[in-house]
Amino acid sequence: MLGKGVVGGGGGTKAPKPSFVSYVRPEEIHTNEKEVTEKEVTLHLLPGEQLLCEASTVLKYVQEDSCQHGVYGRLVCTDFKIAFLGDDESALDNDETQFKNKVIGENDITLHCVDQIYGVFDEKKKTLFGQLKKYPEKLIIHCKDLRVFHFCLRYTKEEEVKRIVSGIIHHTQAPKLLKRLFLFSYATATQNNTAADPKNHTVMFDTLKDWCWELERTKGNMKYKAVSVNEGYKVCERLPAYFVVPTPLAEEDVQRFQGHGIPIWCWSCHNGSALLKMSALPKEQDDGILQIQKSFLDGIYKTIHRPPYEIVKTEDLSGNFLSLQEIQTAYSKFKQLFLIDNSTEFWDTDIKWFSLLESSSWLDIIRRCLKKAIEITECMEAQNMNILLLEENASDLCCLISSLVQVMMDPHCRTRIGFQSLVQKEWVMGGHCFLDRCNHLRQSDKEEHQRQLSLPLTQSKSSPKRGFFREETDHLIKNLLGKRISKLINSSDELQDNFREFYDSWHSKPTDYHGLLLPHIEGPEIRVWAQRYLRWIPEAQILGGGTVATMSKLLEMMEEVQSLQEKIDERHHSQEDPQAEPPCLLRNSARLSSLFPFALLQRHSSKPILPTSGWKALGDEEDLAKREDEFVDLGDV
Amino acid sequence: MASSSTSKYNSHSLENESIKRTSRDGVTRDLSEAIPRLPGETLITDKEVIYICPFNGPIKGRVYITNYRLYLRSLEMDMRNLRFALKQEGHSRRDMFEILTRYAFPLAHSLPLFAFLNEEKFNVDGWTVYNPVEEYRRQGLPNHHWRITFINKCYELCDTYPALLVVPYRASDDDLRRVATFRSRNRIPVLSWIHPENKTVIVRCSQPLVGMSGKRNKDDEKYLDIIRETNRQISKLTIYDARPSVNAVANKATGGGYESDDVYHNAELFFLDIHNIHVMRESLKKVKDIVYPNVEESHWLSSLESTHWLEHIKLVLTGAIQVADKVSSGKSSVLVHCSDGWDRTAQLTSLAMLMLDSFYRSIEGFEILVQKEWISFGHKFSSRIGHGDKNHTDADRSPIFLQFIDCVWQMSKQFPTAFEFNERFLIIILDHLYSCRFGTFLFNCESARERQQVTERTVSLWSLINSNKEKFKNPFYTKEINRVLYPVASMRHLELWVNYYIRWNPRIKQQQPNPVEQRYMELLALRDEYIKRLEELQLANSTKLSEPPTSPSSPSQMMPHVQTHF
């Protein structure tokens, strides 16, 4: 194959461990002139995208069956992405290319997807940043979507190396002005067409009409109203132009504390109870001001807490729940488990996989999020309570918890359109600070801030566990809300029992997938979302297996049923013999890998993957291990 | 799960049902109606008790002891402890206890196992499933290089081997006898499986009796060379010793050992680092500790890791993958042994065969595989399980077969369309591994079974399964001939088998049936209905060509219904 130096030895056996192992030695690479000439692969630019710098004769490593191949090509950097233009895509056949990402190719890394760049100098791996004095022989790029790229620059001209490396570092690390983000040049270069009917399109929640539609859909319009008091962001920049508040609430109240201390409607349950969120009032020391705040809040509470007709329960998410820092720390540890440089590393970490997972605490955080959402669901569904989520700015954990609750309770949110609308409503319009949380502008002082908040939402779809945490009384709430409400917060034992009963009873009944849906939250049930996290790791691929195997059977059957349906229809209408079979999407599922269609990377051979690292010490069982299976009778020897 | 009449499968309904029933029975006097009984099952005693349920607290009820089961639950070892409180009424507590131990451990009280009393009748005879001659014929044996020998007809050569063996054509029966003297318990290398195309083979045996002095046996050396030469392309025979190398070395002290390459020039030896039966037993005990009665919550993953159970599974699978790969690639024939060749060896050969030969992935194929590699080749079921024996601390016990079934389950998880059978099939095998309702897993070897006339006096588990096959079928099964399955033996993919190990815990309830399977079944039904309707339409069209169709539910009416499915 063109430009491919095939090199053996997946290197599981090497004892000393340099930070980078070179699998391709120069003499093993075909330097036949003809072969080195790259096949011209054209760079696909989006409207408004510009080529910034490039380097040729770059070798990209492709891992296959614990060997690595090198593929020659051109490495380019545009104002949108880093792209490798090589020949290795040609191996894919129709089955696979059918599910190709049309914007971002297999060898494209968008600039904002770059997580960490490493250079390899004399077999040593170092993080690259800022101005470089010396340029590396190899470039390793870890992406935020967990891909890992290895580029060898040894055969590239020196000036080109300098240009591409410093170009990539600059464009992925230097602080950026908002107006320089690629999407603006892209948007000016393309036409924007807007969607219409909320039934078939994502609801954007940027008009009063959208909110009214949502109120109507959830039958929340009895008690809640959409307001335009923040039109033009007169009151507050954090809040959307239009939002929903309790009907009795006066619009002046919204202005009083710039939108703070106002219960903002998220969603209404079929029984009339509502999910609301509120950003906390500024913290004050002064007794007088506190008194004013208290009486303001007392008035506000009357709009949602009117026993015996309506009762509200407050969930303080900034005090009693996860901290954003915790989530960020856990995710940084967790993602590291999937950014794997080579086969050796994969098998070395395999033996202690479970404890590594546990020490990241990520799955535990997922569980706690799910548990909180189930607790809230219980209050709304079984106890008919309004729930008020309270957080400093009501734009982080509020987004997370309220969307989880809606996914569990509202089947509409489990449709594609419904889910997109939910993200738009709770996260985009809910004022989640994506720019800061993802640090899109790379302000180093802000150090990547808790950016993975939206991930628990996407992960939680799989399955779940339990972990009790005490709900302690928060003094602030006590001060602000008065005794009556803090009483409700206090009764944690009772809540715990209610939760258990609700959870157990739901799980003991057959599941209605179009109704309330509660995840499992027991230890063994919360697992790594393999399709996302393992998708780029060749060692983790099950050739011809995984869930895709059953899914493709299901799709085949659906096609068959549909074509039968059409045949019957045609019989009825024209009584002629039906047409040919419709084209089949996923034939030959034996060839698909378990990661299909999320990763295009394919193992082309059917050789098994063998663990290269061995056994971990048994510890206290060593003496057992030494025993004979059976008493060997030496008599007959 | 002794009392599982197989129709009631779901653990929870079972648990609850039995509880409900027994509490009702506290009032009713007539007992014969109260408990389900198998033909041949007789009630010994019954008593009112309080069942101390670890999940739901104390429950008043009645316990029945029959010669098969304790109703209100269980015989031996499936992750449950049953604790009962009995009211003090004279000596009745002691009586109950004595009766229970008598019937739970019949062998210790010179009573027969229930399998010999069971009078169940099935319309299929499971004992006919495995016929060694037929199975070898299916593999294309005998051929030019391999012959069937009856040297062990009366179990004289090796009392733990089957009567019928497949050996190299060029090795005479006398050769075999001489080799037997050099192999632990006379378990000589014999063929398990032959590759239909490249003719490389999997051969199984026990360790050579090398001993401390490094004894040699020319006949054994020559015999292995003959095995290698059955395939001309091969320069070296690959030997997989399942043990960790330190254990293999240590076994020399008790007369065992391994084939060293300075003596066996044309062989290459690899150790697979799989631990012994004692390590496996302790590992499973630890699994039980973290799942019963409460699932370890706060540190589930690290506790799971500390049991090492999945690590052992990983090593067993890794070993089997290597065996399968060697044979499938045609690089070499493979000889597998451990110490005696009836535990780890059976795991490795049967798993490798499952990977290589799609026949074994069907229901009957799998039954044949178990019957062949485990039952006929003398996996010591009786000692490993301790059927009817009260000595529960016996060092001979070990969950080796369970571990094998767990490996199969892991494979079926990774390849959900490759197996004809479903999870229920694997669970029912394990349930009856312990239940003693069937003769299938009784005794240690074929010769003992023959002496006890097991096939005449007991019912086979395969009778129960094969007379009701539909229940054990995987709807996604796609028959693929000649496809080698290599599971990924990484902790990233191995899972604790929750539906088996934690099925009694009402908190841990898997979605049953799984939604994708449910949807698939719905579509299957829909397809069948459409095909029927299409046939009807065709029929109607051919009879009344001109008339419009007047079927009660027209397809346009069907459409919206179907759409909700998609």
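1. In which loop of chain A is P308(A) found? In this predicted model, P308(A) lies in the loop between α7 (287-301) and β14 (312-316) of chain A. The peptide bond leading from P307(A) to P308(A) is cis, with omega near 0 degrees.

2. A cis peptide bond is also present in chain B, from L141(B) to P142(B), again with omega near 0 degrees. P142(B) belongs to the loop between α3 (132-138) and β5 (146-149) of chain B. As general background to both points, most peptide bonds are trans.

3. Two backbone angles in chain A deserve mention. T57(A), although not a glycine, has a positive phi of about 55 degrees; T57(A) is placed in strand β2 (residues 51-64) of chain A. Most residues other than glycine have a negative phi.

4. Y233(A), likewise not a glycine, has a positive phi of about 55 degrees. Y233(A) sits in the loop between β10 (224-227) and β11 (243-246) of chain A. With a relative accessible area of 43%, Y233(A) is partly exposed.

5. On the surface, L178(A), L183(A), F184(A) and L435(A) make a nonpolar patch of about 340 Å². One of these residues, F184(A), is located in helix α4 (residues 182-189) of chain A. F184(A) has a relative accessible area of 38% and is therefore classed as partly exposed, a class that runs between the buried limit of under 20% and the exposed limit of over 50%.

How values were computed
Residues numbered from 1 in each chain as written. Chains lettered and ligands numbered in written order. Predicted model: local features only at pLDDT ≥ 70, side-chain atom pairs only at ≥ 80, totals over all residues. Heavy atoms only, no water. Patch = residues over 30% accessible without salt bridge, like charges linked within 9 Å, V, L, I, M, F, W, Y side chains within 5 Å. Areas by Shrake-Rupley, 256 points an atom, 1.4 Å probe, with all protein chains shown as cover. Salt bridge = Lys/Arg side-chain N within 4 Å of Asp/Glu carboxyl O. Helix = DSSP H or I, 4+ residues; strand = E, 2+ residues; numbered from the N terminus. Buried < 20%, exposed > 50% of the residue type's maximum accessible area, 1.4 Å probe, protein only.
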